[in-house]
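The following exercises concern a predicted model. Each task is followed by a solution in steps.

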Amino acid sequence: MLTTAIFYVLSFVCILAALMTVTLSNPVSCALSLILCLACLAGLYAQLAAGYVAVLQILIYAGAIMVLFLFVVMLLNLSDEEAAEGRYDVIRGLKGLICFAFLVDLYVLVEVSLGGRIYGCPAPGLGSLEAIGELLFTRYMVSFEVISLLLTAAVVGVVLITRKGPASALAAGRGGSS
Amino acid sequence: MQEINGVSYLTKQIWTDATWLRFLSLNELGFFLMLIAGVLVLTFVLAYGTFVVWAERKVAGHVQDRLGPMRVGWHGWLQTLADGIKLMMKEDIYPTLADKPLFVLAPPIVFLSAFVGYAVVPFSQNAQMADLDIGVLYIMATASLGVIGLIMAGWASNSKWPLYGAMRSAALTVAYGIPLGLSIIPVLMVAGSLSMQDLVQSQNGGILHWNFFRCWPFMPLAFIIFFISNLAETNRVPFDIAEAESELVGGYHTEYSGVSFSVFFLAEYAAMYLACAVTTTLFLGGYLPPDLSGIPLILSLALLGIFLFWRFKTFHDRSQVSEAIFCAILVAAITLLWGVWPYFFWFLAKTGVLLYLMLHLRWTLPRLRIDQMMYMCWKVLTPVAFINILGTGLWWMWITGIPKNWWPY
């Protein structure tokens with residue numbers, strides 16, 4: 001009973017936070033609502049006995065990526081979105097249409113592809129550390145290594161893009177900005 | 001498990017460890033017990049925080065050739081209590097232009113992120129709320145949420161200095177988080193588990209089996225990286241650039257006053273103790289005794305005797321009652337802990353040493369600039385941590401041999 005109650009509380013807060021993310025006008029409040037949403041999702045993962053996934057959800061999304069989001073938002077010092085004027089123009093209508101299309105897509109996915117079956121709790125231990133580690137290093141080893149190569153390439157690319165001037169300037173000092 | 005000393009043998013039948021603290025299933029009874037355990041841990045954190053604040057001020061005083069607090073109680077040991085009461089009676093001021101909900105929510109979130117980590121801290125063999133199979137990751141995840149509270153505080157204050165402090169801590173999170181995560185991997189490789197109990201048990205067998213004393217020089221290097229990153233995570237000098245008072249007034253807590261201000265400080269001390277507890281578990285054998293067959297017991301009892309003799313010889317009547325209470329609490333605590341809960345005693349002793357190291361560093365080192373901090377985290381600690389992982393792996397392969405099924409196909 002308690003588990004069910006916790007599930008409903010987590011789901012309710014999760015949906016509420018997701019709605020707040022798209023409806024609030026202040027960008028920092030939006031980002032913080034998204035963090036709340038992600039934390040509730042982590043709680044739902046933990047209820048599915050997938051503790052590793054839950055912890056990674058908090059560690060990576062809520063703890064690292066959202067902090068970067070907040071950093072960028074504060075750095076750009078975005079003000080509140082202007083409300084009211086131009087509320088019902090074509091672009092906004094298109095945005096709403098795309099969102100609706102995604103909703104329909106989700107419904108079709110669940111109803112048609114899965115045949116309307118509601119899947120219950122997955123096999124115990126599916127989201128555990130051992131299971132994920134074994135899958136990563138046996139079944140999905142090649143894709144795992146390819147992704148790590150891709151990420152390394154991305155890191156090198158970022159370093160190349162962000163550095164200013166020729167290589168000699170980089171070697172001369174530790175930055176030289178300030 | 002081996003016996004520690006005679007006293008523990010006598011009392012072991014009566015009450016070994018707080019066995020009733022351990023429960024894993026979350027039914028109604030488990031939920032109720034977990035509430036009780038949470039209150040117990042909260043009491044521990046509050047009591048410890050009060051003590052550490054006093055200790056910090058004494059250390060600061062003696063480092064700077066002062067006496068520190070001396071008025072309230074014997075050598076000022078009740079000073080924190082007096083300050084706490086003072087802070088509670090002060091007015092909570094909210095800036096007019098502050099984002100009030102976020103402003104009010106920020107201190108509790110910072111404290112919560114430090115506090116929930118205590119759920120997996122192994123105070124002793126049985127005194128642990130939940131032995132998760134991902135214990136270390138859990139603590140790192142919850143501790144990383146504290147930054148969000150700091151950012152909320154900095155943003156909601158709607159003022160320059162808090163915003164700068166919040167941006168600095170956001171930039172730092174990413175910088176120290178990577179060496180922090182990488183430096184625990186050698187320990188995890190050796191232990192083969194992420195559970196806190198398994199990590200402690202993998203160091204069983206005396207002081208030379210502790211991770212810090214194994215695999216030189218890789219493990220001590222990992223210890224140093226982990227300790228430095230933890231200093232940065234808990235916003236301690238020399239890495240407290242998010243609240244640098246000589247540059248940013250008070251950083252993210254500039255606009256806070258009264259109780260909300262004290263909650264920030266409580267959170268800092270809770271996070272400090274948590275960091276020391278994790279460091280102890282990972283590198284210093286956790287709650288395991290050093291196993292030097294009775295020598296520490298005799299030495300410590302002798303030291304305690306000398307201390308008491310010296311105190312009572314120079315007894316002066318101004319603070320007699322307070323001093324007597326202090327000594328009585330000290331003796332009772334040490335006797336109780338050593339006799340009844342020896343593991344808990346060793347855990348407290350080891351974390352105490354690390355905590356003292358943190359306090360002493362704060363009052364001896366100057367603060368780093370943010371670019372020096374970034375340079376150190378990204379260009380020194382991260383590569384060294386990577387090399388460390390490689391070295392430990394090779395060492396471990398040399399000890400245990402190459403596993404037969406190293407190729408999965």
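**Exercise 1.** Determine which residues B:Y118 is in contact with, leaving aside its neighbours within four places in sequence, and place B:Y118 within a nonpolar core.

*Solution.* Step 1: with heavy atoms within 4.5 Å as the criterion, B:Y118 touches B:V41, B:V45, B:F123, B:A270, B:Y273 and B:L274 once those sequence neighbours are set aside. Step 2: B:Y118 belongs to the largest nonpolar core, a set of 118 residues. Together with B:F123, B:Y273, B:L282 and B:F283, B:Y118 is listed as having the most contacts inside that core. Step 3: helix 12 of chain B, residues 258-283, gives this core its largest share, 13 residues. Step 4: a second, separate core has six residues, among them A:L10, A:C14, A:A17 and A:C40.

**Exercise 2.** Characterise the interface of chain A and chain B by its buried area and its polar contacts.

*Solution.* Step 1: 28 residues of chain A and 30 residues of chain B take part in the contact. Step 2: the two chains bury about 2600 Å² between them, and carbon and sulfur atoms account for 81% of it. Step 3: a search for salt bridges between chain A and chain B gives zero. Residue pairs in polar contact across the interface, both at pLDDT 80 or more, likewise number zero.

**Exercise 3.** Identify the helices of chain A that each supply at least two residues of the side touching chain B.

*Solution.* Step 1: these are helix 1 (2-23), helix 2 (27-47), helix 3 (51-76) and helix 5 (129-137) of chain A. Step 2: helix 3 of chain A provides the largest share, 13 residues. Step 3: by residue class, this side of chain A comprises 21 nonpolar, six polar and one charged.

Notes. Residues are numbered from 1 along each chain as its sequence is written. Chains are lettered from A and ligands numbered from 1 in the order in which they are written. This is a predicted model: local features need pLDDT of at least 70, side-chain atom pairs count only at pLDDT 80 or more; totals for chains, interfaces and linings use all residues. Side-chain values use heavy atoms; hydrogens and water are left out. Buried area is the accessible area (1.4 Å probe) that two parts lose on being put together, summed over both. A salt bridge is a side-chain nitrogen of Lys or Arg within 4 Å of a carboxyl oxygen of Asp or Glu. A polar contact is a pair of N or O atoms within 3.5 Å; within protein, one must be able to donate a hydrogen and the other to accept it, and residues adjacent in sequence count only if both atoms are side-chain atoms. Helices (H or I, at least four residues) and strands (E, at least two) are DSSP runs, numbered from the N terminus. Ala, Val, Leu, Ile, Met, Phe, Trp, Tyr, Cys and Pro count as nonpolar, Asp, Glu, Lys and Arg as charged, and the others, Gly among them, as polar. A nonpolar core is a set of buried Ala, Val, Leu, Ile, Met, Phe, Trp, Tyr and Cys residues joined through side-chain atoms within 4.5 Å. Buried means under 20% relative accessible area, exposed over 50%, partly exposed in between (1.4 Å probe, protein chains only).
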